[in-house]
Amino acid sequence: MVIAGAGTGKTQTIALRIGKILQETQVNPSNILCLTFTENAALNMRERLLNLIGPSSYSVRIATFHAFCNSVIKDHPEYFLKSTVESEAIDDITQIEIVRSLIDKFLSESPLKNLNFTYFYQKDIISTLSTLKKENISPARFEELIKYAADFVTLSSPVVDKLQSIRATPKTATDITTLISLLISNSKINPLYQVRLQYFLTLYQSEASTLSELKKNVKDFIENLNSSLPKLRDLSILYKSYQKTLLDRGLYDYEDMILWVILALQTQPELLSQYQELYQYLLVDEFQDTNSAQMEILNLLTKNQTNPNLFVVGDDDQSIYRFQGASVENVYSFYQKYQQNLKLIVLKNNYRSHQLILDSSEDVINHNQSRITQYIGNLDKSLKSVSTYDPDPINLFAANSNVEENYWVSNKIKKLVDSGITPKNIAILYRNNADINDLVPFLSHHHLHYLRSDAINILETPEIQQLLTLLKYLASPDDSTILFHVLSFNFINLSSL
């Protein structure tokens, strides 16, 4: 396992690893499987490998998890006839139609319905169904998990009552922690909840939270879980019906491909043996972004192998796909599973940033209690820059509002451009695509030209909206309300004075 921090050359590391395998072993390129997270990463890997080992790189199987599973289905249709015969991928409209029809079957008081809008939770339901599949949780497994939750609530409710009756004072600290410890040690409680309670207790013991916060964290966790049970039970019914509807209508969604392959590898020993013999070396890029279903593919491909040729590269600090089901826990579980034979390598030389940037970012991310360094002893991930030190300090501006922030950013860019800085050397980074929309008018006000990297709907741009408003006024020239807006448009060049 290679822990590769930002800018340490993890893609190059994997490419060199593949080259080393081909150079020093008798393995054919076709016996190597390299799994990546995105199509772009797969393409980048192919280009690196092509430059390194030449045309033989085309024989190395480099693919995303979905592309790999899709190829398994296509190459062995006999194992997937029930799933794939005349099946087609579901589109968004059909998915919404199916989910709405299933929501309609619930009574009006169902927690999956909203009194004001029946389909209020439609988007959340679709997102949750996708997450369940990414976590490799079948309808049957989901029912089982709900039962664990219900049993936990039943056993823990008396503890909540006792906690509420005890005031959080130094004298009662032992009573409170003992109550929680006894609950954690209850063998009837699923480990999922034992770990969560232990986390709250550890926060208090490490002085990261107060006694009052410990009480509140435990109480809120149990009460929130209890209040969510009715919704989870209805969701379980909907999930089972959703999968049956897809099967009856010959449809599948994006996550089903991986689940089909998992089931086939679990139930068809000859298929599993074929792929285990074919791929003698497995490599995984961006390992921290794998979800539970993708992790199960790796577990199956290395099943019954005490010391498999498995090489994973990742960094828990760079997990950016948690919203798609990525699980940082996979990094630690991999470490635990292969701890006896594991070779752990940490790449620390950063080729991208100055030391000031690296030190500052480390100061921030050290506050993350879920870093892998918290669980693996003596693991140092501090990055060292190989670039020249940049003496310029990091500047911080704290705005009081979005408007003030956007004004400051646009004004700063204007000053840079006026000072002679080439505009193409200036970049604005933002988290969501929609975040840039509020800044655009400020850039336009300063006549600053910009290039957006995200896809935009031309009909929603300010210029087209203004043109449409102008056309509306021409169609209804007596509408003074529209005229007021038209007169304010920049291209009218009408002074407000």
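In this predicted model, strand S7 gives the most to the lining of the largest cavity, with 3 residues. That strand covers 310-314, and S7 and strand S1 (2-4) each supply at least two residues of the lining. The full set around the cavity is Met 1, Val 2, Ile 3, Phe 287, Val 312, Val 313, Gly 314 and Val 331. The space they line has a volume of about 30 Å³. A search of the whole structure for cavities of 30 Å³ or more turns up 1. Rolling a probe the size of a water molecule over the atoms is what shows where empty space is left.

Now for the pockets. The second largest pocket comes out at about 910 Å³ in volume. Its lining is made up of 20 residues, and those nearest its centre are Ile 357, Ile 394, Asn 395, Ala 427 and Leu 429. Two helices, H15 (355-365) and H16 (402-418), each bring at least two residues to this lining. Helix H16 has the largest share of the lining, at 5 residues.

Stepping back to the chain as a whole, its fold contains 19 helices and 10 strands. The C-alpha trace spans about 80 × 70 × 60 Å along its principal axes. Of the 497 residues in the chain, 39% are buried. If one takes the contacts between residues at least 6 apart in sequence, 75% of them join residues at least 24 apart. As for the outside, the chain exposes about 29700 Å², and carbon and sulfur atoms supply 52% of that area. On the charge side, there are 45 positive and 54 negative side chains. The centres of these two sets lie 4 Å apart.

A few individual residues are worth a look, starting with Asn 31. This asparagine sits in the loop between helix H1 (10-24) and strand S2 (32-36). Asn 31 counts as buried because its relative accessibility is 11%, and the cut-off for buried is under 20%. Leaving aside residues up to four places away in sequence, Asn 31 touches Glu 277, Leu 278, Tyr 279, Gln 280 and Tyr 281. So much for the loop that follows H1; the next two residues are picked out by their backbone.

Most residues other than glycine have a negative phi. Asn 136 goes the other way, with a positive phi of about 60° although it is not a glycine. Asn 136 belongs to the loop between helix H6 (122-134) and helix H7 (139-164). With a relative accessibility of 26%, Asn 136 counts as partly exposed, a class that runs between the 20% and 50% cut-offs.

His 447 also has a positive phi, near 60°, in a residue other than glycine. His 447 is found in the loop between helix H17 (440-445) and helix H18 (462-475). Here the relative accessibility is 68%, so His 447 counts as exposed, the cut-off for that class being over 50%.

Terms used. Residues numbered from 1 in each chain as written. Heavy atoms only, no water. Helix = DSSP H or I, 4+ residues; strand = E, 2+ residues; numbered from the N terminus. Buried < 20%, exposed > 50% of the residue type's maximum accessible area, 1.4 Å probe, protein only. Contact = heavy atoms within 4.5 Å. Areas by Shrake-Rupley, 256 points an atom, 1.4 Å probe, with all protein chains shown as cover. Lys, Arg positive; Asp, Glu negative; His and termini not counted. Charge placed at Lys NZ, Arg CZ, Asp CG, Glu CD. 1 Å grid on protein atoms, 1.4 Å probe; cavity = no way out; pocket = protein on both sides within 12 Å on 5 of 7 lines; lining within 4 Å. Points joined across faces, edges and corners; volume = space filled by probe spheres on them.
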